[in-house]
Structures are given as C-alpha cells and as structure tokens.
Amino acid sequence: MSIVRERSIAPTMNDILDAYREPANLTKEPNAFEGPNKVQPKSYFANERTFLRWMNLSIILGAVAIGLLNFGDSVSTVSALFLSIISVGIMLYGLYLFRWRAGKISRKEIGTYDDDNALRALTIIVFVAIGLTFAFRMIYGI
C-alpha cells in the first residue's frame, strides 16, 4: 500500500486499489504450448476442418454450375462455365492451403496460418461471376 499523504486523513482511491492489485514482480507460469517449437495439437484438426469447408464450397458452386448447365439456356451455359472454373480453382486453392498449413505445422513453425487476401479475392471473383450472369441475362434477354 502506498503512503498516505501527510495532510489528508483518508486514503486516496489509488491507495485503496493498490491493496487489490497484483504485485508486478510475479513470474508468469509457463504454458504447455508456449516455447520455440510448440504447436497446439488442435491445429491439425483445424487444418482438416478448413480443408473440408473449402471442398464444401467448391462442391456447392459446382452443383450450381451443373444445374445451370442442364436446365438453362445459352446465357446459363456461359454462367455455368464461369462457375465451373471458379469451383475448380477453389478446389485447387483449398488443396494448396491445406498442404501449406500442414507443412508449417509439421515443421512446427510459430505464427498464424491465415491467408486473408485469398478470401477477399474469392469474394470479388464470385461477385464478378454472378454480376456477369445478370449482365448477360439483361443484355440477351430471357
């Protein structure tokens, strides 16, 4: 506890709070996963779950492309081609990302395993493909 001021009888708010604060010189207990070569075991399963999510997305886009190809007209065929190419690209990117992360995990590299730029690019590509579908529909009519 800090020293109470000479002219003040009552302690200040900082004096009261000092009694409840932790001392600054306590050493932190080491975590089991901290250290130069420690990777959490859940990273392996998280990598597999992420891979399955990428595959799920590509299968959904591929199913939409097949539906457009089978039940649509010539404009839908062009849209199905765009979505099929995007679907295959997502499959290949998911496989690349899975292998890249698995390599980092097996080498026990510390750091994040994220790739935020690819998500932005994927969103833009899908919106452009859907926008082209609507544009072709408006230009060439029903």
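Biologist: In which helix is the place of Val78?

Modeller: In this predicted model, Val78 has its place in helix α3. The residue counts as partly exposed, because its relative accessibility is 33% and that value falls between the cut-offs of 20% and 50%. Looking along the chain from there, Leu68 is ten residues away from Val78, and the C-alpha atoms of the two are separated by 9.1 Å.

Biologist: Before I go further with single residues, how many helices and how many strands does the protein have?

Modeller: The protein has four helices and zero strands, so that reading along the sequence gives the pattern α-α-α-α.

Biologist: What is the mean pLDDT of the helix that scores lowest, and which helix scores highest?

Modeller: Among the elements of the protein, helix α1, residues 13-18, has the lowest mean pLDDT, at 71, whereas α2 has the highest, at 91. For the protein as a whole the average pLDDT is 80, and 78% of the residues score at least 70.

Biologist: How should I read the way in which α2 and α3 meet, and at roughly what angle do their axes cross?

Modeller: The general idea is that two packed helices are described by the angle between their axes and by the distance between those axes. Here the axes of helix α2, residues 42-71, and helix α3, residues 74-106, come within 8 Å and cross at roughly 170 degrees. Because angles over 145 degrees count as roughly antiparallel, α2 is roughly antiparallel to α3. Sorted by class, the contact of α2 with α3 has 21 nonpolar, eleven polar and two charged residues.

Biologist: Which residue forms a salt bridge with Asp73?

Modeller: The general idea is that side chains of opposite charge can pair when their charged atoms come close. The structure holds one salt bridge, and in it Arg137 pairs with Asp73, with the closest N and O atoms 3.0 Å apart. Arg137 lies in helix α4, residues 116-140, while Asp73 lies in the loop between α2 and α3, so the pair ties together parts that are 64 residues apart in sequence. Arg137 counts as partly exposed at 25% relative accessibility, and Asp73 also counts as partly exposed, at 33%.

Biologist: Is Ile86 buried or exposed?

Modeller: Ile86, which has its place in helix α3, is buried, because its relative accessible area of 12% is under the cut-off of 20%. Ile86 and Leu122 are 36 residues apart in sequence, and their C-alpha atoms are 8.7 Å apart in space. Over the whole protein, 22% of the 142 residues count as buried.

Biologist: Where is Thr112 found, and is that residue buried or exposed?

Modeller: Thr112 is found in the loop between α3 and α4, and at 59% relative accessibility it counts as exposed. Its C-alpha atom and that of Arg101, eleven residues apart along the chain, are separated by 9.5 Å.

Biologist: Which residues does UniProt list for "transmembrane region"?

Modeller: The unreviewed UniProt entry lists residues 51-72, 78-98 and 119-140 under that name, and this comes from the record, whereas the helix content can be read from the model itself. Over residues 78-98 the chain is 100% helix and 0% strand, with the end C-alpha atoms 30 Å apart. Over residues 119-140 the chain is likewise 100% helix and 0% strand, and here the end C-alpha atoms are 32 Å apart.

Methods. Residues numbered from 1 in each chain as written. Heavy atoms only, no water. Axes fitted to C-alpha atoms, helices over the stretch in contact; angles between N-to-C directions. Helix = DSSP H or I, 4+ residues; strand = E, 2+ residues; numbered from the N terminus. Parallel < 35°, antiparallel > 145°, perpendicular 65-115°, else oblique. Nonpolar A, V, L, I, M, F, W, Y, C, P; charged D, E, K, R; others polar. Salt bridge = Lys/Arg side-chain N within 4 Å of Asp/Glu carboxyl O. Buried < 20%, exposed > 50% of the residue type's maximum accessible area, 1.4 Å probe, protein only. pLDDT = per-residue confidence, 0-100. UniProt positions renumbered as here; feature names shortened; annotations may be inferred.
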